[in-house]
Amino acid sequence: MRSIAPRPMADLVLALVAALAIGLALFRLSGERAGVSVEPLAVGSTPVTLFRPAGATDVGALPVVVVAHGFAGSQQLMQPFALTFARNGYLVLTFDFLGHGRHPLPLGGSITEERGATRALVEQTSAIVDLARRIGNGRVAVLGHSMASDIVIRLAVDRPDIAATIAVSPFSAAPRRDAPRNLLLIAGGWEGFLRAEALKLVAQVSAPEAPREGVTYGDPTAGTARRLAVAEGVEHVSVLYSAAALDEAR
């Protein structure tokens, strides 16, 4: 009879692997802060952080990426994406959702109800996008992880002025075949359910061809591009520190 490791031991191994991946990524990021300027801002009561290339002399000429964290997270967790974008010539805005991080106000309602907390988070993110359009060249992309993947997708469906959307660990019932513009979906290799959900969204534009991971469908110049990229060997948290995920987003 084959010996099967007890589930608690398997879970411990996975946790240690994830912790090691995050630790290595944080060590790498500590060196990548060189060349990036970080400035605290606020939109009403929302704490916001602006990341920009340190050598940029005309920030008004740069496109902006708005980066949103997931449930029970904070903007600090999204620094790998913020630093990656800023080091590659983008302005980046991160922020804390209501009831998260350093935001002083609670999040009311249920995130499973579109008219409840979900709508409040969409409106909050929309206000950050308005700031992004004022400080940059007018071209704005949005990125959201987990809960925020649904938030940024819903926002981009409502706002065609958002040029591109990146949904990490994605789930959402909001996308249509024609919206949002240029949607990139990123899932960790160990996020089987979310990978399957993301493929359903790719299928909206790949038909009649069956959707495949790692293939871009549609036309980016027309705003119809859609792609699922998989970062192998990571799960729901460590995907935020995956070099493959960061490269795809960039």
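**Overall architecture and the central sheet**

The accessible surface of the protein chain amounts to about 11800 Å², and carbon and sulfur atoms contribute 58% of this area. The model discussed here is a predicted one. The protein chain has 250 residues, of which 48% count as buried. Its secondary structure consists of six helices and nine strands. Among the contacts in the protein chain with a separation of 6 or more, 62% link residues that are 24 or more positions apart.

A good place to begin is the sheet. Nine strands build an open sheet with mixed pairing, and their order across the sheet is E1-E2-E4-E3-E5-E6-E7-E9-E8. At its edges are strand E1 (36-43) and strand E8 (216-217), each of which pairs on one side only. E8 runs antiparallel to strand E9 (residues 226-231), and two bridges join them. One residue to look for here is Thr-216, whose bridge partner in E9 is Arg-227.

Strand E5 comes next. Six of the six residues of E5 are buried, so this strand is largely enclosed by the rest of the structure. In a regular strand, side chains alternate between the two faces of the sheet. Both faces of E5 are covered: Val-140, Val-142 and Gly-144 are buried on one side, while Ala-141, Leu-143 and His-145 are buried on the other. E5 pairs with E3 in the parallel sense, over five bridges, and Val-67 has Leu-143 of E5 as its bridge partner. The pairing of E5 with E6 is also in the parallel sense, here over six bridges. Within this second pairing, Val-140 stands opposite Ile-162 of E6. Together with H4, the strands E5 and E6 make a right-handed β-α-β unit.

The helices can now be placed on this framework. Helix H2 (residues 79-87) lies across E1, strand E2 (46-53), strand E3 (64-68), strand E4 (91-95), strand E5 (140-145) and strand E6 (162-168), and it runs at about 35° to E2. Helix H4 (residues 147-158) also packs on the sheet, where it touches E3, E5, E6 and strand E7 (183-188). The direction of H4 makes about 160° with that of E6.

How much of H2 is buried? Eight of its nine residues are, so the helix is largely enclosed by the rest of the structure. The buried residues of H2 are Gln-79, Pro-80, Phe-81, Ala-82, Leu-83, Thr-84, Phe-85 and Ala-86. After H2 comes Gly-89, which has a positive phi, near 95°.

Finally, the aromatic rings deserve a look. Two aromatic pairs are found in a search of the whole structure. In one of them, the ring centres of Phe-85 and Tyr-90 are 5.9 Å apart and the planes lie at 75°, so the pair is edge-to-face. Phe-85 is buried, with a relative accessible area of 2%, whereas Tyr-90 is partly exposed, with a relative accessible area of 26%. Phe-95 and Phe-97 form an aromatic pair that is edge-to-face, with 5.0 Å from centre to centre and 80° between the planes. Here Phe-95 is buried, and Phe-97 is buried too.

How values were computed
Residues are numbered from 1 along each chain as its sequence is written. This is a predicted model: local features need pLDDT of at least 70, side-chain atom pairs count only at pLDDT 80 or more; totals for chains, interfaces and linings use all residues. Side-chain values use heavy atoms; hydrogens and water are left out. Two strands pair if DSSP finds at least two bridges between them. Helices (H or I, at least four residues) and strands (E, at least two) are DSSP runs, numbered from the N terminus. Contact means heavy atoms within 4.5 Å. Axes are lines fitted to C-alpha atoms, for helices over the stretch in contact, and angles run from 0 to 180 degrees between N-to-C directions. Buried means under 20% relative accessible area, exposed over 50%, partly exposed in between (1.4 Å probe, protein chains only). Rings of Phe, Tyr and Trp (its six-membered ring) pair if their centres lie within 6.5 Å; planes under 30 degrees apart count as stacked, over 60 as edge-to-face and the rest as tilted. Accessible areas come from the Shrake-Rupley method with a 1.4 Å probe; for residues, only the protein chains shown count as cover. A crossover is right-handed if, with the strands pointing away from the viewer, the path from the first strand over the helix to the second runs clockwise.
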